[in-house]
Amino acid sequence: IIDANNGVATLMTNRGCPFHCTYCSNHAIARVYGEDRNITRYNSVDRVLAEIDMLKAKYKFEKLWFIDDLFILNRKWLDEFLSKYSARFNIPFMCQIRPNLSTRDILLKLKKAGCYKIFLAVESANDYIRKVVMRRNIEKEHLENTFKWAKEAGLETLSINIIGVPGDTAKTILETINFNKRMNPTVLGVNIFSPYEGTELGDYCHQKGLVKKI
């Protein structure tokens with residue numbers, strides 16, 4: 001798998017995201033267990049470091065990809081991890097962040113510890129689609145600042161976007177396209193909305209007859 005992934009080993013340090021994005025499975029999974037939100041569960045820093053040692057002993061790889069939903073949520077955990085990781089390993093890594101939790105200081109610390117790329121979810125540049133339909137309470141200023149700080153820190157950026165949610169139009173999609181052109185990410189990713197049953201937005205689509213039954 002590592003060879004097929006261009007020498008990148010994947011690793012998860014935490015599971016679960018506490019936010020309520022309407023298209024995401026996290027809030028749906030939480031409801032299955034009678035919870036209001038999906039609480040993030042962490043492996044200890046030392047356990048993660050030991051797992052990296054194990055990967056190094058068994059496999060050959062050049063980079064690490066921390067595939068957590070949200071790598072930077074817990075600042076205390078993050079600071080401990082980055083300090084110990086950089087003292088122990090010299091392996092470039094990439095991770096996913098959330099723009100309204102990002103600061104210039106966090107991105108500089110990521111870079112110093114060996115991070116070379118961040119995954120940054122724009123989803124939609126249209127305020128209504130992003131904040132109301134998707135329920136991502138992230139201001140456009142947060143998005144703009146994170147791209148700016150990433151470039152200042154020397155980090156590559158992968159911009160993640162979703163098109164085709166209810167209410168999306170040619171105009172709102174063009175707004176997202178133009179925003180990405182302005183931010184000029186290193187890599188641009190575009191996903192077509194999938195209305196997963198059990199998610200708030202997925203259930204809405206099924207209830208309104210927006211999904212064809214196969």
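Modeller: Ground rules first: helices (H or I, at least four residues) and strands (E, at least two) are DSSP runs, numbered from the N terminus. This is a predicted model, where local features need pLDDT of at least 70, side-chain atom pairs count only at pLDDT 80 or more, and totals for chains, interfaces and linings use all residues. Residues are numbered from 1 along each chain as its sequence is written, and side-chain values use heavy atoms, with hydrogens and water left out.

Colleague: Okay, let's start with Asn26. Which helix does Asn26 lie in?

Modeller: Look at the residues of α1 that are buried: His27, Ala28 and Ala30 are listed there together with Asn26. Part of what covers those buried residues is α8 (200–207). So the helix in which Asn26 lies is α1.

Colleague: Is Asn26 buried or exposed, and what is its relative accessible area?

Modeller: The scale runs like this: buried means under 20% relative accessible area, exposed over 50%, and partly exposed in between (1.4 Å probe, protein chains only). Asn26 falls under the lower cut-off because its relative accessible area makes it buried, at 6%.

Colleague: Which residues is Asn26 in contact with, leaving aside its neighbours within four places in sequence?

Modeller: Contact means heavy atoms within 4.5 Å. With those neighbours set aside, the partners of Asn26 are Gly16, Cys17, Asn38 and Asp69.

Colleague: And just after α1, which residue takes a positive phi?

Modeller: The angle there is about 75°. The residue that takes this phi, just after α1, is Gly34.

Colleague: On to empty space. How much of it lies in the largest pocket?

Modeller: Rolling a probe the size of a water molecule over the atoms shows where empty space is left. On a 1 Å grid over the protein atoms alone, a cavity is a set of points where a 1.4 Å probe fits but cannot get out, while a pocket is an open set with protein on both sides within 12 Å along at least five of seven lines; lining residues have an atom within 4 Å of a point. Grid points are joined across faces, edges and corners, and a volume is the space filled by probe spheres set on the points. By that recipe, the largest pocket holds about 660 Å³.

Colleague: Which residues that line the largest pocket are the closest to its centre?

Modeller: The lining has 23 residues, and α1 (25–32), β5 (93–97), β6 (115–123), β7 (156–163) and β8 (187–192) each supply at least two of them. By class (Ala, Val, Leu, Ile, Met, Phe, Trp, Tyr, Cys and Pro nonpolar; Asp, Glu, Lys and Arg charged; the others, Gly among them, polar), the lining divides into 13 nonpolar, six polar and four charged. The closest to the centre are Tyr23, Cys24, Gln96, Glu123 and Ile162.

Colleague: Which element gives the most to the lining of the second largest pocket?

Modeller: That pocket has about 240 Å³ of space and is lined by 16 residues, with Gly16, Asn26, Ile29, Asn38 and Arg41 nearest its centre. The elements giving two or more residues are β2 (14–15) and α1. By class, the lining has six nonpolar, five polar and five charged residues. With four residues, the element that gives the most is α1.

Colleague: How many disulfides does the count come to?

Modeller: A disulfide is a pair of cysteine sulfur atoms within 2.5 Å. The sulfur of partly exposed Cys24 (24% relative accessible area) is 6.2 Å from that of Cys21, its closest, which is too far for a bond. Buried Cys95, at 0%, has its closest cysteine sulfur 4.2 Å away in Cys115, again too far. The count comes to zero.

Colleague: And how many salt bridges?

Modeller: Side chains of opposite charge can pair when their charged atoms come close. A salt bridge here is a side-chain nitrogen of Lys or Arg within 4 Å of a carboxyl oxygen of Asp or Glu. One of them joins Lys84 and Asp46 (3.1 Å, N to O), linking α3 (residues 75–88) to α2 (residues 45–58), 38 residues apart. The count comes to 13.

Colleague: Which residue forms a salt bridge with Glu144?

Modeller: Glu144 is partly exposed at 26% relative accessibility. Glu144 lies in α6 (residues 140–153) and its partner in α7 (residues 170–183), so the pair ties together parts 38 residues apart in sequence. The closest N and O atoms are 3.1 Å apart, and the partner is Arg182.
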